[in-house]
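Reader: I am happier at the bench than in front of a structure viewer. Could you walk me through a few features and show me how to read each one?

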Amino acid sequence: MSGTKEDTGMESGMNESGPVVILDFGSQYTQLIARRVREQHVYCEIHPCTKPLDEIWALRPPAVILSGGPASVYGEGAPTVDPALFERGVPVLGICYGMQLMCHLLGGKVERADEREYGPATISVERGEGLLLEMGGEDVDVWMSHGDRVASIPDGFEVSATSPNSPFAAVADPGRRFFGVQFHPEVGHTKRGADMLRAFLVNVVGAPANWTPENFATATIRKVKEQIGDANAICGLSGGVDSSVAAMLVHRAIGDRLTCVFVDNGLLRAGEAEEVVAMFRGRFDLKLIHVDARDEFLNALAGETDPERKRKIIGRVFIEVFDREARALGERGEEPTFLVQGTLYPDVIESVSFKGPSATIKSHHNVGGLPDHMKLKLCEPLRLLFKDEVREVGTAMGLPRDLLWRQPFPGPGLAIRCPGEVTRERLRILRDADVILDAEVRAAGLYESLWQSFCVLVPVRTVGVMGDERTYDYVIAIRAVTSSDGMTADWARLPYELLAKVSSRIINEVRGCNRVCYDISSKPPATIEWE
Ligand code: XMP
C-alpha cells in the first residue's frame, strides 16, 4: 500500500542529542549492529556510507559506528567516508571493514591477510579500555569474518588486543575516542559483544539510554497528534502485529478520528475475523469497520490458477474495497487525509540501502499502490522500529501476547496455500485441517519456536480406504519451518508423535482429505509458501 511519500512525520528520533549513526558499508550484519545498540536502550539509525557529512552532523550523533563490508579499502570504487569525519571530536567505532577504513584514512596500512579469518577466534586483550573495558589480560571469544587486515596503525593509536591471525584485532586512540575491532561484537558468537557495545556506548560515549518502549510510545503518540492535527486517518487492520500496533498508537493519539478497516477476504484462517473484531472493537474500543468481502474476492479469483495472478487479483480487489470504504467515510463528512501503515525500519533501510534491492522472487503484493485520487498522506508510526521492538511497544500498550507472537500470515492468505483454483470447498478443507495443526502445535508448546506452521491443500486426489469404503480425496501437506527472518528457512524437525497425531486427526476429522504429507524442503531452494 502506498500513499504520497512526503511528510511521513516520523523521521526525527526522540533523543535531544540525536541518534548514534551507523554508516553502512554493505555488511550483512549492519542491521544487527543497530539492534544490539538499541538493546542497550540507545537510539541509533543506519545511514548509507554515501550520506554527506553535513547531513550526518545535522543529526547530532553522539557517536558514529562504521559497519563492516565486503570491499577492500584499496579496491576500485571501494566505499569510503570524508576524512573530515574524524575531525569533529565525535567518538568513532570501526567494525571490521570500518576499522580498516578508519586506519587507512588516518595513515595506517591495510593488507591482504595470508589466511582469511572466518568464524570463531580468540583474542588476547592487552588493554582493558574502550570496548574491552574490564577485559584486560583476558582471552575473549569473538567472531571474525575478514580477508584484509590492518598491518600498521595510524599515529596516536595503540593495540588493545591481538589474535593469532590479526596482530591488530582491536586498536584504540583513547584520546580521540576512536576504536576499531577486526571482529564482530554484534554477532551472537562474540559472547561478550553486548558488554563491549555497552562499554563503548555508556562509558566512552555517555549516550543517553532512554530508548524504551514506553518512551517510544509517548513520543510517537505526541508526534502523531502533531502530524495529523484535526484531520482524519484510515488504517487497514489485518490483525497482524504491525498493523495492530500502528493502529493502537494512532488511536491513542487521535481517538475516533481514526477509522480502521478490516477486510474479510474469505482467505483468512478459521475464526480470525471474529477474533480481530472482538479484540479491537470490543476490548480496545477502536472505530472498526468490518467489511465482509468474501464473495467479492472469491468471485474474482474464480477459475484462476496462476500464483502471481492470484496475488494481483487479491491486491486489486483489496484496493477497490478499501477505496469504497474511504469514499463512504468522505460522504459521511469524515474524509481521511492520512493512511496509517505499519512500515518497519528494515523496509525503510532497504529503500535507502547502499546495496540496492535484491531480486524479487514473489511479488508479495498484498496491496498495490492506492489510486491517485485518494491522495492520502502516510502516517507510519513504526518506521523506526525493528520487529522485536514492535512487539515490545505492543506489550507496553497492553496488546495480548497471543497477537504479538503470531506467526506471519501472508496478505493473500489461504489463496497461496491452495495451489490451483481457489474454491469455497477447497478452502473449507484447508481451513478445517489448519485448525487442527494449529491447535496441536500450540498444545505441544512449539508455536512460538516455529517461524510458521500451516497446511497446504495439494490439488491432487488419491485413493484411500475408510471402513470398507474406497475414498478418493485430497492430500494435505504440512509445512512447518524455522527461520529468523523468512529469507532462508529450514523444515522443522517436528516430533513424530506430533506429526502422527496431526495426521490421524486431520484424516479422521476433515471431510475431503484422506492423506497427509510432511514437507521436508528447506528455503532455498524451495520457498516457505507453496505459491
Ligand atoms: P516465501 O514463500 O517467499 O515467503 O518463502 C517468505 C515469507 O513471506 C510470506 N509471504 C507473503 N507475505 N504477501 C505477504 O504478505 C505475499 O504475497 C507473500 N508471499 C509469501 C510467507 O508467509 C513467509 O513468511
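Author: Gladly; we will go from confidence to the backbone, then to the core, a helix and the aromatic rings.

Reader: Let's begin with trust. What average pLDDT does the protein chain have, and what share of the residues score at least 70?

Author: Keep in mind that this is a predicted model. Where pLDDT is low, the predicted coordinates should not be read in detail. Here the protein chain averages a pLDDT of 93, and 94% of the residues reach at least 70. Residues 1-13 need care: pLDDT stays under 50 there, although the model has 44 contacts for them beyond four places in sequence.

Reader: Now the backbone. Which residue other than glycine has a phi near 65°, and which has one near 55°?

Author: The general idea is that most residues other than glycine have a negative phi, and most peptide bonds are trans. In this model, His-41 has a positive phi, near 65°. His-41 is placed in the loop between helix H1 (30-39) and strand E2 (44-48), and it counts as partly exposed because its relative accessibility is 37%. Arg-60 also has a positive phi, near 55°. Look for Arg-60 in the loop between helix H2 (53-58) and strand E3 (64-66); at 49% relative accessibility, Arg-60 is partly exposed.

Reader: And the peptide bonds? Which residue is joined to Lys-523 by a cis bond?

Author: That residue is Pro-524, with omega about -15°. Pro-524 is itself joined to Pro-525 by a cis peptide bond, with omega about 10°. You will find Pro-524 in the segment after E18, and Pro-525 lies in the segment after E18 too.

Reader: Next, the interior. How many residues does the largest nonpolar core have?

Author: When you read a core, ask who is in it and which elements supply it. The largest nonpolar core has 49 residues, and those with the most contacts inside it are Ile-234, Leu-267, Phe-297, Leu-301, Ile-476 and Ile-506. Several elements each supply at least two of its residues, including strand E11 (258-264), helix H13 (424-443), strand E15 (452-466) and helix H14 (496-509). Helix H9 gives the most to this core, with 8 residues. At least three core residues come from each of domain 2 (213-404) and domain 3 (423-518).

Reader: Can we zoom in on one member? What is Ile-506 in contact with, leaving aside its neighbours within four places in sequence?

Author: Setting those neighbours aside, Ile-506 is in contact with Ala-433, Ile-436, Cys-455, Ile-476, Cys-513 and Val-516. Apart from this core lies another, of 45 residues, among them Ile-228, Met-248, Ala-273 and Leu-384.

Reader: I'd like to try a helix. Which residues of H11 are buried?

Author: For a helix, note the buried residues, then what covers them. In H11, the buried residues are Glu-389, Val-390, Arg-391, Val-393 and Gly-394. Their cover includes H1, helix H5 (213-228), helix H6 (241-254) and helix H12 (401-404). After H11 comes Gly-398, with a positive phi near 90°.

Reader: Last topic, the rings. How many aromatic pairs does a search of the whole structure find?

Author: A pair of aromatic rings is described by the distance of the centres and the angle of the planes. The search finds 10 aromatic pairs. Take Tyr-345 and Phe-386: this pair is edge-to-face, at 5.5 Å centre to centre with 80° between the planes. Tyr-345 lies in helix H10 (residues 345-351) and Phe-386 in the loop between strand E14 (377-379) and helix H11 (387-396), so the pair ties together parts that are 41 residues apart in sequence.

Reader: Are those two rings buried or exposed?

Author: Tyr-345 is buried, at 5% relative accessible area, and Phe-386 is buried at 3%. In another pair, Trp-491 and Tyr-518 have ring centres 6.1 Å apart and planes at 80°, so this pair is edge-to-face. Trp-491 is in strand E17 (residues 490-491) and Tyr-518 in strand E18, so the pair ties together parts 27 residues apart in sequence. Trp-491 counts as partly exposed, at 22% relative accessibility.

Reader: Which charged end sits over the ring of Phe-454?

Author: The charged end of Arg-417 does, 3.7 Å from the ring centre. Likewise, Arg-442 lies over the face of Tyr-447, at 3.8 Å from the ring centre.

Methods: Residues are numbered from 1 along each chain as its sequence is written. This is a predicted model: local features need pLDDT of at least 70, side-chain atom pairs count only at pLDDT 80 or more; totals for chains, interfaces and linings use all residues. Side-chain values use heavy atoms; hydrogens and water are left out. A nonpolar core is a set of buried Ala, Val, Leu, Ile, Met, Phe, Trp, Tyr and Cys residues joined through side-chain atoms within 4.5 Å. Buried means under 20% relative accessible area, exposed over 50%, partly exposed in between (1.4 Å probe, protein chains only). Helices (H or I, at least four residues) and strands (E, at least two) are DSSP runs, numbered from the N terminus. Domain bounds come from an automatic or database domain assignment. Contact means heavy atoms within 4.5 Å. Rings of Phe, Tyr and Trp (its six-membered ring) pair if their centres lie within 6.5 Å; planes under 30 degrees apart count as stacked, over 60 as edge-to-face and the rest as tilted. A charge sits over a ring if NZ of Lys or CZ of Arg is within 6 Å of the ring centre and within 35 degrees of the ring normal. pLDDT is the predictor's confidence in each residue, from 0 to 100.
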